[in-house]
Each structure stands twice: as C-alpha cells, then as structure tokens.
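Trainee: Got a minute to go through a model with me? I'd like to know what lies behind the labels people put on it.
Mentor: Sure, pull it up and ask away.

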Amino acid sequence: MPSRLAGADTGAAWGPVHAFIAAAAAVVLVVTGFAWHSVDSLIANIERIGDLGLGGGRDGAVDILMVGVDSRTDAHGNPLTNAERAMLHAGDEVGTNTDTIVLVRVPNDGRSATAISLPRDSYVDIPGIGRGKINSAYGATKETERAKLIGQGVSEAEAERQSTKAGRQALIKTVANLTGITVDHYAEVSLLGFVLLTDAVGGVEVCLNNPVDEWMSGAEFPAGRQRLDGPRALSFVRQRHDLQRGDLDRIVRQQVFMAQLVGQVLSTKTLANPARLRQLSEAVGRTVVLDEDWDVVAFLQQLQDLSGGQVQFETIPVTDLNGMTSDGESVVRVDPKTVKSYVASLVGEQAEAVSAPAVDPATVTVNVLNAGGVAGLAGQVSQALTAKGFQAGRVGNYSGGSVTGSRVLAADSADAKAKAVAEALGKLTVVADPSMSPDSVSVVLASDYSGPGSAASSMFDFSGTSTSATPVPPAPPIDAGQNGPKCVN
C-alpha cells in the first residue's frame, strides 16, 4: 500500500478542509458544565456508537480519545445547511479527515486531566494499511472498507455505517499502538461543533504577540488580546504557514484556545447563565459523538472538583518535524518508545502538577555562566533556553571559583523557576546560593555539560532529535487556569 494515504496534506487547496477542531479536547470538559443542570437532556441528545474495542480504565486513569472531524453532516448524519457550509467554507468534497487527535488522561481520582496532542502528520503504523500519517487512519480505512462493502452488494447506508465504524476502530488501534495506552472512551466532534461551542460561550479570548495576515488560513488579526467568534476562531487555529514550527505551533494555537474555552466553560459566568447553557447543550447534542458504554453521569461526578488549573495541555515528543518518506511525502517523525514512556509518565506527573503548577518559562530570566573550557558554550545554551521560552539574562564567564559539575543556582534549592530551568537543560542539579536574590536563576556550565546547546546534544538531543532531523524545541505545558490567554505567535 503506498504511503500517500487519504487525508494527507496536499497543499493550499486543502487549507479549509484541514481545519483543526480545537474544541475537540474540551468536549468532555464542556459537558461538566451541565452536570448539575440539564445532564439528562444533554445525554439524551448525544449520538452514541458501540463496538469500538475500548478498554476499561485499568491503568490508573480514564483515557479518552478526542477526535476532531471535518464533515458535511452533523453528528446524527443530517446534512449541514447551505448557510452553515458557507460559514465553514466547506465545499462538496466527501471524506473524513481527523486533523485533531488528542488523548485525554484523567486519573481515577478525577482531580486533574492532561490533554496530549498528537500531530496529524505523525508517521506511524496503521493496522491493515501500513505506514502512514496518523490522520489518514480513520479516512483511509473507512474508504477501503466502504468500497469493499459496496462491491459485495451492501446498501450505501449500511456500507457507510459499517465503514465508519471500521475507520474509528482503526484510529483507536493506531493511537493505542503509538502511545501504549488502551483507549477507554471515544469522543468525536465536527467542524460545525467547534464554531457552535465557541459562539455558545460568547466567543473565546486569544492573544497574539504580533499581527497576522495569512491568506491560506484566512487568519488576519491585530497583535494583542482579542475575542474571537466561531468562524474567526477557526482561522486562528487553522494557521500553519508563517509559524516557526509549522504544525507544532498550530497545536500550540489549539492548546491556548482550548485552555481559554475550558476556563470559560468552567467559570461561574457560564454555569450561571441559562441561555449559555442552552446553547452549549444544543451544540453538544448536534455535533458530538460518544461511545455507548460511557457512563457520562458517573464520569461527571468524578470530575466535580476539577478546576481550570488542573487541566494541562501537552504534545507528544517529536524527533523530526520535517521528515520525508522515500517517495517524497512530508511527515512528522516520532519514536514510539519515547512516546510510550512520555505518555505513561503523565499519570504520576498530574498529581504533582495539582500541588505545584507548571512554571511559565516566559516569567523566568536566566543568567548563563561558563565555568568550563568550551568557548561560546554559555551563549549557545542561552539561545537554547530562549528557544524553550525562557528570557535571556546575563551571558558570560563564571567568577565564583571552580565547580565540580554543571548546576543551576538559586537562593533556595526548592525554587520552582530554578527547577524548571534544570529540567529544560537535562535535569541538572539545583544548588542553593544564599547570596543570590530570591528572583534570580543562574546556570553554571562545567566541562561535564552535554545538554541543549552543547556539541554533545547535536549527536543525542534530549528530545530525541538526531543530526539529520530538524530541531524541535518543546513548548511549555499550558493549563486552563491562567489569568487571561497566553500570548502566542
């Protein structure tokens, strides 16, 4: 089977089709807003599907696969109106594209949640097909199965039903194989759902560091904070071109948008507004699909103490953002072993995150001082930290005498900002220096340093990037409990 599968990005003409449905990862969190108001009517209106081969939360967490699909029908199979299709810039093409794929891990105590984004172009093994982009698993499997059923004389309606189930099953298996996680529940939201959910909460506030004018996505926005309605928000999360890290920066757009959407849904302003709740209920009922075995009421009770600050958004590790297959297809390369280890670690990390919220690198200014013999190392490490979102401080030579190993200095060895810097540089040791001010963080580089910015890191990068790969600086985690939107490019 050739690797260029249905759903692969073939250029500018696919822009409107390949829209990221940013609200996908917020669907389960959205319905928590109705938990104590109109849950019966909400659940009654949601489309349910069965026989997807799902698990049962036996690994210490409930794992939910959230999928954003581009569809010309609603969740119940009813065609969109002409006005809705015009609003979405949806043409007459027939297909199922899953351009938002998010695995949500909720520990069994229900006190936190982590939404893990999987880049749509991740090059993975797809059961029954072979190697391909992960966003093709659903659509390619569905079309192959549909054609086979039609050839066997099955009716169009029945072929559509059976092939759609096969596509969903293939995507679930593909995600499970990549992450090592058995998917417990499945949620699907359509392109229309993204717009309706956004409008139902009165628009979502975003923030841009610079003005944007990118015609392929329709993104045209000034710099600064602004509130977007559904159609304009679609352009905001669609943009891929003119962003330094392409699709990975588009995922950051999704995540900051989802964080704001979740924060607004969980706010008292939304929960206390009957009109907003009614809009949200109608949006969810018309555009969301859930697996039939999901006891939504019990799950909502499990999440009743969840707050925005305990909802984290992350992205799986990537080894090469600009990979290329032998036949010239552009892909994102990922290492399954690294991905499995990363995803498995998040259940434990969530408990720590509840008591110790993640540090925003943009709030940390880091001095980098060279105590070794490698010329220019301090400057290179400072640049590596800047690429990770930290602010550059003083760069120079260390004058405090000899050191036995590279370290991070702070007034208190338990300082959260110092720990964040130490983690970013390959888990350096944080050493207390009482002479430093409480807000200061310094890195001292000895001859043993082999982290980001060093010559050794070009041979073995901590993110798994090889010398032949395009460097992929990680983005800091985003949470839904921030005061206002996080500004992005």
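Mentor: Let's begin with a pair of helices: α6 and α7 are oblique to each other. Keep in mind that this is a predicted model.

Trainee: Why are α6 and α7 called oblique?
Mentor: Look at the angle first. The axes of α6 (residues 191-200) and α7 (residues 230-238) cross at roughly 120 degrees and come within 8 Å. Roughly perpendicular runs from 65 to 115, and roughly antiparallel needs over 145. The angle fits neither class, so the pair counts as oblique. As for handedness, α6 passes α7 in a right-handed crossing.

Trainee: Which residues of α6 and α7 make the contact?
Mentor: From α6 you have Leu191, Phe194, Val195, Thr198 and Asp199, and from α7 Gly230, Pro231, Ala233, Leu234 and Val237. By class, that contact has seven nonpolar residues, two polar and one charged. Watch the glycine: Gly counts as polar here.

Trainee: Next, serine 117. What makes it buried or exposed?
Mentor: Buried means under 20% relative accessible area. Serine 117 has 2%, so it counts as buried. You'll find serine 117 in strand β4 (residues 113-117). Leaving out residues up to four places away in sequence, serine 117 touches Ile101, Val102, Ile251, Gln255, Glu314, Thr315 and Ile316.

Trainee: And isoleucine 129, in the loop between β5 (123-126) and β6 (130-133): how do you know whether it is buried or exposed?
Mentor: Same cut-off, under 20%. Isoleucine 129 comes out at 14% relative accessibility, so it is buried as well. Its C-alpha atom is 9.6 Å from that of threonine 144, 15 residues apart along the chain.

Trainee: What about alanine 362, with a relative accessible area of 40%: which label does it get, and why?
Mentor: Buried needs under 20% and exposed needs over 50%. At 40%, alanine 362 is therefore partly exposed. It belongs to the loop between α12 (336-355) and β16 (365-370). Not counting residues up to four places away in sequence, alanine 362 touches Gly389 and Gln391. Threonine 386 is 24 residues from alanine 362 in sequence, with 9.0 Å between their C-alpha atoms.

Trainee: Then what makes aspartate 51 exposed?
Mentor: The cut-off is over 50%. Aspartate 51 has 52% relative accessibility, so it counts as exposed. It sits in the loop between β1 (47-49) and β2 (61-70). Check its backbone too: phi is near 60 degrees, a positive value in a residue other than glycine.

Trainee: How much of the whole protein counts as buried?
Mentor: Of its 489 residues, 52%. The protein has 15 helices and 21 strands. Among contacts with a separation of 6 or more, 74% join residues 24 or more positions apart.

Trainee: What makes a set of residues a nonpolar core?
Mentor: They have to be buried nonpolar residues of the listed types, joined through side-chain atoms within 4.5 Å. The largest such core has 49 residues, and Ile64, Phe236 and Phe257 have the most contacts inside it. Helix α8 (residues 247-265) gives the most to this core, with seven residues. Apart from it lies another core, of 36 residues, including Leu52, Val67, Val124 and Leu248.

Trainee: Why do such side chains end up together?
Mentor: In soluble globular proteins, nonpolar side chains tend to be buried together.

Key
Residues numbered from 1 in each chain as written. Predicted model: local features only at pLDDT ≥ 70, side-chain atom pairs only at ≥ 80, totals over all residues. Heavy atoms only, no water. Buried < 20%, exposed > 50% of the residue type's maximum accessible area, 1.4 Å probe, protein only. Helix = DSSP H or I, 4+ residues; strand = E, 2+ residues; numbered from the N terminus. Axes fitted to C-alpha atoms, helices over the stretch in contact; angles between N-to-C directions. Parallel < 35°, antiparallel > 145°, perpendicular 65-115°, else oblique. Left-handed = near helix turned anticlockwise from the far one by under 90°. Contact = heavy atoms within 4.5 Å.
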